[in-house]
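Thanks for coming. I will talk for a few minutes about one structure, starting with its pockets and then turning to its charged pairs. Please have a look at it first.

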Amino acid sequence: MTIDITRTGSMPTSSLTGEEITRTSSLLHDAGLVTDSTRFAYVGLIEPHKAEVLRTLAGDGPVPHRLARALLLDTATGAAFDATVDLTAGTVAGTEIDGSRGQVPILIEEFASIDPIVQADEAWISALAKRGLTADEVVTAPLSPGSYDNPGEEGKRIIRVFAFQYADPTDHPWAHPVDGLCAYVDVIAKEVIEVVDTEVLPVPAEPSQFHLPQGRPAPLEGLKPIEITQPEGPSFTVDGDQVSWANWTFSLGFDAREGLVLHHIGYADPDHDGEVRPIVYRASIAEMVVPYADPAPTRYWQNYFDTGEYVFGRFANSLTLGCDCLGEIRYFDATLADEFGNPQTITNAICMHEEDFGTLWKHTDLWVEGVSEVRRQRRLVISFFTTVGNYDYGFYWYLYLDGRIECEAKLTGILFPSAYKGIETWPYATEVAPGLGAPFHQHLFSARLDMSVDGLGNAVDEVEAVPVPMGEGNPWGNAFTFKKTRIASEATAARDADASVGRTWHISSTERTNRLGQPTAYVLHAEQNPTLLADPASVIASRGAFTTKQVWVTAYSPDERYPAGDLVNQNPGGDGLPAYMAGDRPLDGEDIVLWHTFGLTHFPRPEDWPVMPVDYARFTLAPYGFFDRNPTLNVPESTAADGGHCHHHGEA
């Protein structure tokens with residue numbers, strides 16, 4: 001059996017289909033790698049080398065083989081395997097995973113296995129009894145363990161466990177943490193290897209029932225309906241996973257680990273006969289981590305890599321018109337593998353729509369009589385939401401008429417709680433409800449931006465403002481300029497943001513210039529928020545080194561997909577970006593990848609409880625000399641409310 005990938009709307013980078021997932025599983029079974037106790041921790045496309053893809057799309061090369069990667073775990077023995085399945089040739093290869101550089105991601109099945117394991121442990125039952133609780137009165141939160149030299153953990157597959165009182169099925173257990181207590185579980189041996197019981201703290205009692213009428217105030221009155229309509233339909237066209245909108249073209253996909261992935265982002269330049277010029281070859285959120293600031297003996301290890309440890313794409317929500325998305329919506333389903341290797345479909349996983357975004361450009365002229373021009377900005381929104389335990393994350397990619405690209409993370413859901421000890425005693429949490437604490441933490445994301453600004457020959461310059469001292473050439477002291485520093489190789493390619501000088505990074509073509517002789521470029525505007533606040537000697541600083549700088553630049557390699565490394569769960573650290581950059585490859589005029597760390601530092605507020613209003617983190621890629629002039633001069637005039645046009649011209 002072979003897979004025809006020349007079907008309408010498909011690309012060499014298109015996500016695996018349900019048929020391909022089934023074939024992947026079948027070939028692995030035939031190869032003897034799957035038993036009754038084997039589970040599929042991850043299945044995804046192994047994308048061909050970029051050069052192969054571009055040759056194929058240009059008609060200069062054969063269609064690459066379709067390859068799938070499968071991470072397998074035998075839940076009976078702990079044996080793990082990293083398999084490469086050639087769907088075109090029908091062959092299987094791969095290697096055993098020994099666990100020294102990390103474990104395969106955590107299984108949903110493993111989460112479900114925890115309750116009976118801890119309920120059978122005498123030390124756990126005794127610790128609950130000391131707090132006046134029984135096992136039937138609590139639920140457990142199984143969590144990724146990090147990587148620490150704790151006795152008895154070496155070589156084992158570990159999950160750490162908190163308890164929450166759960167007396168009322170209508171009451172969110174997050175409101176009732178059983179603090180000062182944690183269990184360490186070997187999920188393969190199905191036994192508790194340690195119970196950490198440091199102090200008995202009162203369980204916060206106030207219920208959390210915000211989803212019920214009794215848990216919130218009377219409904220707000222006076223809000224009138226907002227309806228967004230496009231009587232002629234949306235402006236975009238879709239062919240399979242390929243999208244065209246205004247001057248933009250791109251393809252989209254969905255990966256169990258990264259979620260939404262955009263490929264082949266290009267812009268049809270109106271001043272160059274509609275030439276589609278490449279900007280970004282591939283864009284995704286390749287990793288994220290939530291490091292917590294609570295140093296308690298039961299909590300110091302709380303650092304959750306939601307992409308690499310939990311494979312957060314599989315928890316994508318099915319989005320609902322009028323609730324999650326508003327307007328003329330085009331939904332896309334996501335097809336992923338379940339833990340038995342069978343295809344499963346998340347309906348409406350991706351939402352795409354247009355939004356009006358205010359004024360695009362406007363001018364009322366004082367010299368040229370009667371000239372008043374205005375155009376409306378709009379943007380295309382491509383988004384998905386995923387729920388990872390207590391938190392819900394939305395990732396929104398925006399394409400604007402003027403060539404800007406933005407990525408925005410939206411954070412909501414429920415704070416991860418603790419028992420509150422008092423700010424003077426324990427200055428690491430906010431009291432958000434009586435006796436309920438919310439530990440300080442960060443949300444740090446890594447956007448992997450495989451750049452292709454007008455081709456593969458790119459370079460990165462760090463650009464910052466420079467004040468000019470008063471003196472010769474600047475007698476009035478008003479002058480300032482900028483400094484541009486080329487990042488020549490990977491040895492100097494880990495960079496910090498600096499708001500005091502407005503630091504940005506220009507990704508420019510080394511092969512093309514605009515009509516003024518300037519290199520065509522895009523500029524990364526980073527939010528000037530803190531990077532990782534944990535000590536540089538901490539375990540999390542090693543495991544999540546990507547969080548210590550805002551910008552990293554590497555030479556392209558198809559095997560370098562994840563900033564914290566390939567196997568993040570229980571990884572001891574040192575993998576990912578530091579390892580990728582150790583070879584100090586040249587970057588000037590090369591095929592490069594930009595990795596941008598962005599996010600926020602969260603000192604929770606009472607207003608964040610019981611459910612958190614959306615908070616935001618974002619970055620922007622904007623054209624800088626990429627176009628010869630404003631590329632939106634051809635945007636049509638809007639129609640005014642009175643039926644006229646939004647402009648006025650004087651006599652010629």
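**The largest pocket and the salt bridges**

The largest pocket has a volume of about 740 Å³. Before I go on, note that this is a predicted model.

What lines the largest pocket? There are 26 lining residues, and Q230, S235, E354, R378 and S638 are the ones that lie nearest its centre. By type, the lining divides into nine nonpolar, ten polar and seven charged residues. Two strands to look for here are β16 and β17, residues 372-388, since each supplies at least two residues of the lining.

Now to the salt bridges. How many salt bridges does a search of the whole structure find? The search finds 43. I will go through three of them and then one network.

Start with D269 and R277. Their side chains meet in a salt bridge, with 2.7 Å from N to O. Are D269 and R277 buried or exposed? Both are buried.

Next, R314 and E339. Here the side chains meet at 3.1 Å, again given from N to O, and this is a salt bridge. What does the pair tie together? R314 lies in the loop between β14 (303-305) and β15 (330-337), while E339 lies in the loop between β15 and β16 (343-364), so the salt bridge ties together parts that are 25 residues apart in sequence. As for accessibility, buried means under 20% relative accessible area. R314 has 13%, so R314 is buried. E339 has 11% relative accessibility and therefore counts as buried too.

The third pair is R618 and E408. Their side chains form a salt bridge with 2.4 Å from N to O. Where do the two residues lie? R618 is in strand β31, residues 612-623, and E408 is in strand β19, residues 405-413, so this pair ties together parts that are 210 residues apart in sequence. R618 counts as partly exposed, at 28% relative accessibility. E408, in contrast, is buried, with a relative accessible area of 6%.

Last, the network. Which residues are joined into one network by salt bridges that share partners? They are E462, E464, K483, R495, D498 and R503.

To go back over the main points: the largest pocket is lined by 26 residues, and the whole structure has 43 salt bridges. Among them are the pair D269 and R277, the pair R314 and E339, and the pair R618 and E408. That is all I have.

Methods:
Residues numbered from 1 in each chain as written. Predicted model: local features only at pLDDT ≥ 70, side-chain atom pairs only at ≥ 80, totals over all residues. Heavy atoms only, no water. Salt bridge = Lys/Arg side-chain N within 4 Å of Asp/Glu carboxyl O. Buried < 20%, exposed > 50% of the residue type's maximum accessible area, 1.4 Å probe, protein only. Helix = DSSP H or I, 4+ residues; strand = E, 2+ residues; numbered from the N terminus. 1 Å grid on protein atoms, 1.4 Å probe; cavity = no way out; pocket = protein on both sides within 12 Å on 5 of 7 lines; lining within 4 Å. Points joined across faces, edges and corners; volume = space filled by probe spheres on them. Nonpolar A, V, L, I, M, F, W, Y, C, P; charged D, E, K, R; others polar.
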